[in-house]
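Thanks for coming. I will take a few minutes to walk through one structure, from the whole chain down to two residues.

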Amino acid sequence: MNTQTVLKCMDCSKDFLVIDQEAKFYADKGLPNPDQCPACRHKIRMALRNERALYKRTCDCCNESMLATYPEDAPYKVYCQKCFWENVG
Ligand SMILES: [Zn+2]
Ligand SMILES: [Zn+2]
């Protein structure tokens with residue numbers, strides 16, 4: 001039998017359901033039930049991701065320091081604006 005818990009979202013005040021399976025997942029991890037509905041949690045996650053989206057690293061072409069969307073250890077070549085356009089053209 002499936003039981004569900006109705007919780008109120010801290011952010012948008014909407015009611016949302018936490019199904020047994022999810023509640024068990026939180027309990028297993030020792031986490032409290034979520035304070036936000038899935039939509040608000042998604043928004044928060046996106047906001048955090050955007051904040052972390054820029055890394056300080058050097059251009060793989062001219063070694064100028066720059067901001068990139070990949071960290072230094074990412075397996076991608078990252079070019080600064082100038083080198084990017086030079087390589088594209
Ligand atoms: Zn919400
Ligand atoms: Zn460069």
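I start with a term: a residue counts as buried if 20 or more other C-beta atoms lie within 10 Å of its own, as exposed if 12 or fewer do, and as partly exposed in between, with C-beta atoms placed from the backbone. By that rule, buried residues make up 4% of the 89 residues in the chain.

What you see is a predicted model, in which local features need pLDDT of at least 70 and side-chain atom pairs count only at pLDDT 80 or more, while totals for chains, interfaces and linings use all residues. Residues are numbered from 1 along each chain as its sequence is written, and chains are lettered from A and ligands numbered from 1 in the order in which they are written. pLDDT is the predictor's confidence in each residue, from 0 to 100. Its mean over the chain is 86, and 93% of the residues reach 70 or more.

Now the elements. Helices (H or I, at least four residues) and strands (E, at least two) are DSSP runs, numbered from the N terminus. There are three helices and four strands, and their order from the N terminus is β-β-α-α-β-β-α. The radius of gyration, taken over C-alpha atoms, is 21 Å, well over the 12 Å that the globule rule (2.2 Å times the number of residues to the power 0.38) gives for 89 residues, so the chain is more spread out than a compact globule. Along the principal axes, the C-alpha atoms fill a box of roughly 60 × 25 × 20 Å. As for confidence by element, helix 2 (residues 38-51) has the lowest mean pLDDT, 82, and strand 2 the highest, 92.

The chain is divided into domain 1 (4-51) and domain 2 (55-88), with bounds from an automatic or database domain assignment. How far apart do the C-alpha centres of the two domains lie? They are 37 Å apart.

In domain 1, strand 1 and strand 2 (residues 15-19) pair in the antiparallel sense over five bridges; two strands pair if DSSP finds at least two bridges between them. Leu 7 has Phe 16 of strand 2 as its bridge partner. The two strands form a hairpin with six residues between them, and Ser 13 in the turn has a positive phi of about 65°. None of the five residues of strand 1 (residues 4-8) is buried, so strand 1 lies largely in the open. Helix 1 (residues 20-28) also lies largely in the open, because the number buried among its nine residues is zero. Gly 30, just after helix 1, takes a positive phi of about 70°.

In domain 2, strand 3 (residues 55-58) and strand 4 (residues 65-68) pair in the antiparallel sense over four bridges. Lys 56 stands opposite Leu 67 in strand 4. This hairpin has six residues between its strands, and Asn 63 in the turn has a positive phi of about 65°.

Two residues to finish. Is Cys 80, in the loop between strand 4 and helix 3 (81-88), buried or exposed? Cys 80 is buried, because 20 other C-beta atoms lie within 10 Å. Glu 64, in the loop between strand 3 and strand 4, is exposed, with 12 other C-beta atoms within 10 Å. Contact means C-beta atoms, placed from the backbone, within 7 Å. Leaving aside neighbours within four places in sequence, Cys 80 is in contact with Cys 59, Cys 62, Glu 64 and Met 66.

How values were computed: Two residues are in contact if their C-beta atoms, placed from the backbone, lie within 7 Å.
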